[in-house]
Amino acid sequence: MRKVAILPAVLVGCSVASAQETLPKTASAPPEQAASSGPESRMKALEEQVHTLTKQVALLRDELKALRDAKAQDTASQGHFLVASTRAEPGTLPGILAGVAPNAPEPTPQVAQTQTLGGATSNAKLLNPDISLIGDFIGTAGHNDVSPSRSLELHESEVGFQAIIDPYARADAFFSFGEEGVNVEEAYVTFTSLPAGLLLKVGKMRADFGKVNTIHNHALPYIDRPLATNDLVGGEDGIDDAGLSLARFLPAPKNWFLEGTAQVFRGDSSTVFAANRREDVSVVGHLRGYTDLSDSTNLDLGISYSRGHSNLGSDFGSGFLTNLYGADATLRWKPLRRAIYKSFLFRTELFWSGRDQLSPLNVFETQHAFGMYSSAEYRLNRRWTVGGRFDRSGRATNANLTDTGFSGMVTYWPSEFSQIRGQYRFGHLALTKPGDFSNANEFLFQFLFVMGAHGAHPF
Amino acid sequence: MYSSNLRTRAAALIAALALLYAVIGPPPVHAAGKIQVMTATTDLAALTREVGGDKIEVESIARGYQDPHFVDAKPSFLLKLKHADLLIVVGLELEIGWLPPLITQSTNPKIQVGAPGYFDASRFARILEIPTGQVTRAEGDVHPLGNPHYWLDPENGLRIAKGITDKLSEMRPSEAAYFAQRYADFEQRIKQADQRWLAEMKPYAGRKIVTYHRSWPNFAEHFHLYVVGYVEPRPGIPPSPQHTVELIGQMKRDNIRVICVEPYFDLKTPNAIGRETGAQVVVLMPSVGGEKEITDYFKLFDYDIAKLRQAFDATH
């Protein structure tokens, strides 16, 4: 491919050079003759000069055409990767093609009518993965006795590498550099060409449990995660583990999209699952249903199940298991003609946790806790989004302790590649004794910035 | 303890196997022998229809009145992509924000990037505004590979149609003659139409215009117009007061009387500029299907040229 780009460039270069060599000779010769005689002969000389120049132009044009044909054959035989690099300012008058035949489209339309003038330097890096870095800076002010956070922090810098591996697979890796160290947030290979419509992912990944668990911090519409995530589903990292994921579209009623996902993980996920032995794997199952209510409105529903061992060890009877159930619903509205100015999203997620543990009296028990959140966001215009969220959740280890909270968010988008967000958060947070509460009033702000490759917009 | 291990393992196995078992059904049945084509935009669908005729079925993901940079990767598209034999994309990173996840999740090996059923139309078109030198986002949401709005030049339309013809013939050699004949017919009609369009636009050759986004370089070049300013200060950056004031000054100085706006942009700023400068604001359609009457590639140019001429005439 490189040959394709360079060869014509060199040839064009040579022909231009030879033209420059010949042109001055013919151009400088006639004036000498002209100087020796009267105006008539000078006119004649000039005519001659014009004549020679016309010939020269015709010659050059033929040469160029020959070159272009040669290039056409060359590129056609290569089959792929046509280097089409034309440098032209917007609105400049047409080049060779339209100049020669302004009324007729070029007869060999397959070929880009181009001459390479610089550029194409990125070709050398073509096989590098798409690299991006997303910085997430968070500041917090106010008062929170139960789960205080730092006043100012570069919460994380997420480095992403994404590439197509071979004709059968692509890979995505995200490393998050936080204040306390580096974490492989996700790194997995996706096999896209399996039979029977199966999609296999292998590596470390955020489990397909509900919605918020699958979303990276920077893609959330709020600065923090819902209370239910922290109380029941492992906190910020959630269920994020090494394992395998198999998904497939399922037969569905008309106008519905159904997808089933089954995942098996080692069983180590923050505070929610712990693998004490090799056989303590955790599983996640997810069923998603989606339908377009209209061009601009759609409904996205899901149910999830997960099961794994808790961090209480494996030396008691049948071990300590945690069962998690989830249900999620999302309603989106985005008018297609004004998609960048107006949109609305409502989402609610419910979580049920059943956690085996020992009661204070050392009796085996299963704590059943429930948590939920509902959030809404509305895009006011191209740059401003407002939103709110209501949270309520019991604690996984003690369902009698219930946290409640609500938040209001405002986001400003200077461009697609940066966001500035403010969030007011109120929390009515349980203390260690049932019935004791502490109120938290906090103001959070966040700066997000994106470097490098343009990532896909989350949906 | 032993029974627990077994139970967990069994649960894992059952979860995975149940899914496998439940879903391996008969392969999807396609409409009788037609090549199933999905395109990223309506223009590519229109061109495919021209050469594919009744041997294909084609559908576009984006609508004609939608900003092709910002399309939601809705799962409903996955079902369509899953059954596609051919996916035709604009390329040059126009769809980078939404198409890659759709392709990956489609579980359709035929249309994965680089597979025979993945067709990047930009490879066949004349591309303008390829940045040289350093490319940074200080220039806004620049497209490092060149301006992706290249289909708005009938010559590029013909080139793309040729590429699609060759691809369809390669996929269905038995119908190659049919596609070639449809292409020849399209070529003749587009050449005739182009002569008419050029003649219609000839009185306005050399006119300067302002557009909202950089969607029109190929169109402007073909019809001999000069795009000398943009309502957006940089691609993808919403209008700013300072830039708007500068633009108004420039338009007054250069006597620019026409502002072209894509249908998915807000008209507030263009209208304000129009009031200030006496310029006409005209909503041009960058894609087939932008308005109901724009049902094919020819009507797209018919519509835009008629609108432009009206606007030019109204200002003089």
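This passage goes through the confidence of the model, then a helix pair and a sheet in chain B, and finally the strand pairing around β16 in chain A.

The structure is a predicted model, and it comes with an ipTM of 0.85 and a pTM of 0.80. For chain B, the pLDDT averages 90, with 90% of the residues scoring at least 70. One stretch to treat with care is residues 21-31 of chain B, where the pLDDT is below 50. Beyond near neighbours in sequence, that stretch has 9 contacts in the model.

Next, the helix pair. Two packed helices are described by the angle between their axes and the distance between the axes. In chain B, helix α2 (residues 42-52) packs on helix α5 (residues 154-171) at an angle of about 55°, and the axes are 9 Å apart. Angles of 35 to 65 degrees fall in the oblique class, so α2(B) and α5(B) are oblique to each other. Their crossing is right-handed. On the α2(B) side, the contact is built from B:L47, B:T48, B:E50, B:V51 and B:G52; α5(B) brings in B:G157, B:I160, B:A161, B:I164, B:T165 and B:L168. Sorted by character, the residues of this contact come out as 6 nonpolar, 4 polar and 1 charged.

Chain B also holds an open sheet of 4 strands, with parallel pairing and the order β6-β5-β7-β8. At the edges sit β6 (226-230) and β8 (280-283), each of which pairs on one side only. From one strand to the next, the twist averages 35°. Looking at one pairing in detail, strand β5 (residues 208-211) of chain B runs parallel to β6(B), with 4 bridges between them, and B:I209 stands opposite B:V227 of β6(B). Helix α8 (residues 241-254) of chain B lies across β5 and β6 of that chain, and it runs at about 150° to β6(B).

In chain A, the pairing is antiparallel on both counts described here. Strand β16 (residues 437-452) of chain A is joined to strand β1 (residues 130-143) of chain A by 12 bridges, with A:G139 facing A:F445 of β16(A). Strand β15 (residues 418-430) of chain A is linked to β16(A) by 13 bridges, and here A:G427 stands opposite A:A440 of β16(A). β15(A) and β16(A) make a hairpin with 6 residues between them. In the turn, A:G435 has a positive phi of about 95°.

Conventions:
Residues numbered from 1 in each chain as written. Chains lettered and ligands numbered in written order. Predicted model: local features only at pLDDT ≥ 70, side-chain atom pairs only at ≥ 80, totals over all residues. Axes fitted to C-alpha atoms, helices over the stretch in contact; angles between N-to-C directions. Helix = DSSP H or I, 4+ residues; strand = E, 2+ residues; numbered from the N terminus. Parallel < 35°, antiparallel > 145°, perpendicular 65-115°, else oblique. Left-handed = near helix turned anticlockwise from the far one by under 90°. Contact = placed C-beta atoms within 7 Å. Nonpolar A, V, L, I, M, F, W, Y, C, P; charged D, E, K, R; others polar. Pairing = 2+ DSSP bridges. pLDDT = per-residue confidence, 0-100.
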